[in-house]
Structures are given as C-alpha cells and as structure tokens.
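Work through the exercises below with the sequence and the coordinates open. Each task is followed by a solution in steps.

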Amino acid sequence: MIGYDEALALIQREAKPLPVVPRTPMAGQVLAEAVHSGEDLPPFDNSAMDGFALRVGDAGAIAGTEFEVLGAQAAGDAQTAAQGGAWEIMTGARIPDGLDAVIPVEQVEVLARDGDGKPARIRLQADVPPGQHVRRHGEDVRKGDRFLAAGTRLDAPQLMLLAALGVPLVDVHATPRVALLNTGRELVDDPAQALGSGEIRNSNGPYLARRIEQAGGDVVLRQTVSDDAEAFFIAMEQARSAGVELVLSTGAVSMGRYDFIPDALRKLGATLHFHKVAIRPGKPLLFATLPNGALFFGLPGNPASSAVGLRFFVEPALRAMLGLAPERPLRLPLLGGYRKRHALRFHLKGHVALDGDGRLQARVLPGQESFRIAPLAHSNAWIVIDAAAGDLEDGALVDVYPPGHLLGLQLQGQG
C-alpha cells in the first residue's frame, strides 16, 4: 500500500499529453495553444444606441444645438462618409466617416420631417461629450492580441468570442478516448427491470460516464461485465480495437474469490504500478499500463469509492492527457470540525456555502460510508484531510475540491 502523493506521481509519469490537432471549436475542448486575434473586435466604430450620429470634436456639443439630418445608417449598412450634419443611426450600425458621437433618440427634439416622415431637423436636449455612445473598433479585442491562453477549456463564452473573431479552427489536445467496464454479475443495467434476489442496479455506470465526459474524456465503449476473466478479456480486446487511451473498471480489485482483475491484467502483459493506496474510501484502487500504452484504472465497486477513484486518480490522468497543469485545491475553514480515526488520507463528501458574513466555509456531510449514494447527490465539494492530520477543530483549514476538476463549486447560500 502506497501513499496518495506517490500514487499521483506514478500516474503523472505515465499520463502523457495527447497529440495536438486542429479542430472546429466545441464546448469541452482544452486549448493546447494560445489563440491570437486576426482582426479587431468590434471590427469598426459603431453606435451603442438608437439615435443620431454627430460630429462634435474635442469640445462636444451643448443642449439646444440644432442639426440638419443628412442621412441614415442601419446595422449592416456599408461604410459611408458623412458631409456634416446629423445622421439617424441604429444600434450596432457603422458610424459614418467624419462623425464621432451619438445622442440617443430620446434626447432629441424633432423639429421637422421630410415627405416620408423621417427626421429632417433636430435639436439636442442634452449635452453630447466627445465620443459618447461610440463603440471603438478593437475596444474589446485588438488584432494580434492573445485573447485565449493555452489550457483554457472552451465553453459558451469562449465559443462566443471565437465566433465573433472568425476563428474556424483551434489547436487542442485530442480528446482522451475512454472505455468504462463495470464488473459484477449482480449488476442490472435496465432501470425498468425488476431486481432478482441478490441483484443491485448499476449506479456506477451512469455516474462515471457523465463525470468522464465532464472531465474532458469521451466514453467510446461502455459495458457491464460478469465476474469472469474471459468476458473481461473480450471487453479489453474491444477497448483495444476502439483505440482507447484509458480503460476504467469498477469492482473485482479487492481480495475476494471473484476479484480477478489483477491476475487478468498480468495475463494481458500489463505493468501494475500500484494496487492499494492509503486512502478512504477506495483503498483497493489499482493502476496499470497496458501493453499498447493505454492507462488502466481499477476502482473498487462501492459508489463513493468509485467516485473518489475517478476524482482523485483518473481525473488527474485526464488532466495530464489534456495538457493541463496539476490542480490546486481551495483552503477553507471547516465548520464543526472532524474526528479522524485512521492514519489515512480521507476524501469526504462535503458541502461548501457562504456564512452570514459572506465567507466560504466547508462542512462534512453525514453518511460517509462508501455504499451511501444520497450524500453524494447532496454534496457540492470534496473535503480532503491528509493522512498525517489528526482530529480537526472547528474552523481548521482544509483542502476543498469541486466535484470535478473542470467544474466549479455550485453554491446555494448557507447550508
């Protein structure tokens, strides 16, 4: 049995960044290279208001000044030059050359209209300072700017920015392909199927598949395998044929009669790096490298043990494969303290909330047993207590991690 830090070092040694490939930007991708802008954003000076564009110079214009309306500019109209006067303008429309400020329509009095009912002469009802309500070209992003750094995970705001700047391809690390194998003849996958005597529903499968996706992986193979080495070998061959870089199994890694995975991996020629880590829950966890270089994680079958194995062992591997730096936890005060009974590294289902003064604090949820699922559904964080730590007093600082390494804490006020 090894310590967590040693186990993590072995994982990071074996988990190599995947090749860099150009891809159409999509949510969940992680940039392997910084992105620089090939153009200005906005691409031209435009109006922030419906109103009238004017030329006011450095002095501005004062209320009561009158202007002839000499033209109109709508969003989408091409570049044009103004010969003085005022131009009716719409939000987002390009400012005509020669004009430099905008007054909102509600701050003008229309003195005359033409035959079509359009404003022909206006009077200002408010002062207009230089540059008012003009969005300058490049005010958001300048041509040549590095506007997204390497290691950025793409989500809706980043996709909006890439679209606005006309970026068709980005360099990203290839998405890790993952096989998920849940072992156990007692497992039932169909939620509509009535349970037989001794059967349980496969709850690890949906949880781990979703978490792998949220961690940047792509589950290309997902199977439930009986407690049978031959069935496991068939599934492993399917995983190899699918070209996966990581295989994740649950169950069959402890010391019972049906815990066949360690011996099965040896028969496949895998290199076992460790089997058992000084943690709770999830001590029997196994990590190996397959002959083709793919990584293999064997997680215990209890739900909380599988969740911990994924969060603190598999996700660091996925992080390295995506070219991301190691994760750092938050340090938050622990509400209520914690009594620690064993010299192991504890991973506890926790809840982070704001106290009455607006400060973050963490508390350990009841129901820490590894078979319990309900507390996991009510948690929004993992509280980690180092193996060397003893009992913790109220207010002691602890390491706190969000549910996933690419997820943030979901706060709901005081808990």
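**Exercise 1.** How many salt bridges does a search of the whole structure find?

Solution. The model is a predicted one. The search covers the whole structure and returns 16 salt bridges. The exercises that follow take up three of these pairs in turn.

**Exercise 2.** Place the salt bridge between R121 and E68 in the sequence and at the surface.

Solution.
Step 1: distance. The closest N and O atoms of R121 and E68 are 2.1 Å apart, and the cut-off for a salt bridge is 4 Å.
Step 2: elements. R121 belongs to strand β9 (residues 119-124) and E68 to strand β5 (residues 66-73), so the pair ties together parts that are 53 residues apart in sequence.
Step 3: exposure. Partly exposed covers the range between 20% and 50% relative accessible area. R121 has 25% and is therefore partly exposed; E68, with a relative accessibility of 40%, also counts as partly exposed.
Step 4: network. Salt bridges with shared partners join E66, E68, E109, R121 and R123 into one network.

**Exercise 3.** Are E315 and R311 buried or exposed? Describe also how the two are placed in their helix.

Solution.
Step 1: pairing. E315 and R311 form a salt bridge in which the closest N and O atoms are 3.5 Å apart.
Step 2: helix position. The two residues are four residues apart in helix α6 (residues 303-321), so about one helical turn separates E315 from R311.
Step 3: exposure. E315 and R311 are both buried.

**Exercise 4.** Describe the salt bridge of D357 and R359 and the exposure of its partners.

Solution.
Step 1: pairing. A salt bridge joins the side chains of D357 and R359, at 3.0 Å from N to O.
Step 2: exposure. D357 and R359 are both exposed.

**Exercise 5.** In which loops do S37 and Q132 lie, and what do they touch?

Solution.
Step 1: S37. This residue is in the loop between β2 (35-36) and β3 (46-47). Its relative accessibility is 6%, so S37 counts as buried.
Step 2: contacts of S37. Leaving aside residues up to four places away in sequence, S37 touches V141, R142, K143, G144, D145, F147 and L165.
Step 3: a distance. S37 and M160 are 123 residues apart in sequence, and their C-alpha atoms are 14 Å apart in space.
Step 4: Q132. The loop between β9 and β10 (134-135) holds Q132. With a relative accessible area of 15%, Q132 is therefore buried.
Step 5: contacts of Q132. With residues up to four places away in sequence again left out, Q132 touches D100, A101, V102, I103, P104 and D127.

**Exercise 6.** Describe the overall form of the chain.

Solution.
Step 1: elements. The chain has seven helices and 26 strands.
Step 2: spread. The globule rule gives 22 Å for 415 residues, while the radius of gyration is 30 Å, well over that value, so the chain is more spread out than a compact globule.
Step 3: box. Along the principal axes, the C-alpha atoms fill a box of roughly 95 × 50 × 45 Å.
Step 4: burial and contacts. Buried residues make up 47% of the 415. Among contacts with a separation of 6 or more, 70% join residues 24 or more positions apart.
Step 5: charge. The chain has 40 positive and 48 negative charges, whose mean positions are 9 Å apart.

Notes: Residues numbered from 1 in each chain as written. Predicted model: local features only at pLDDT ≥ 70, side-chain atom pairs only at ≥ 80, totals over all residues. Heavy atoms only, no water. Rg over C-alpha atoms; globule rule 2.2 N^0.38 Å. Buried < 20%, exposed > 50% of the residue type's maximum accessible area, 1.4 Å probe, protein only. Contact = heavy atoms within 4.5 Å. Lys, Arg positive; Asp, Glu negative; His and termini not counted. Charge placed at Lys NZ, Arg CZ, Asp CG, Glu CD.
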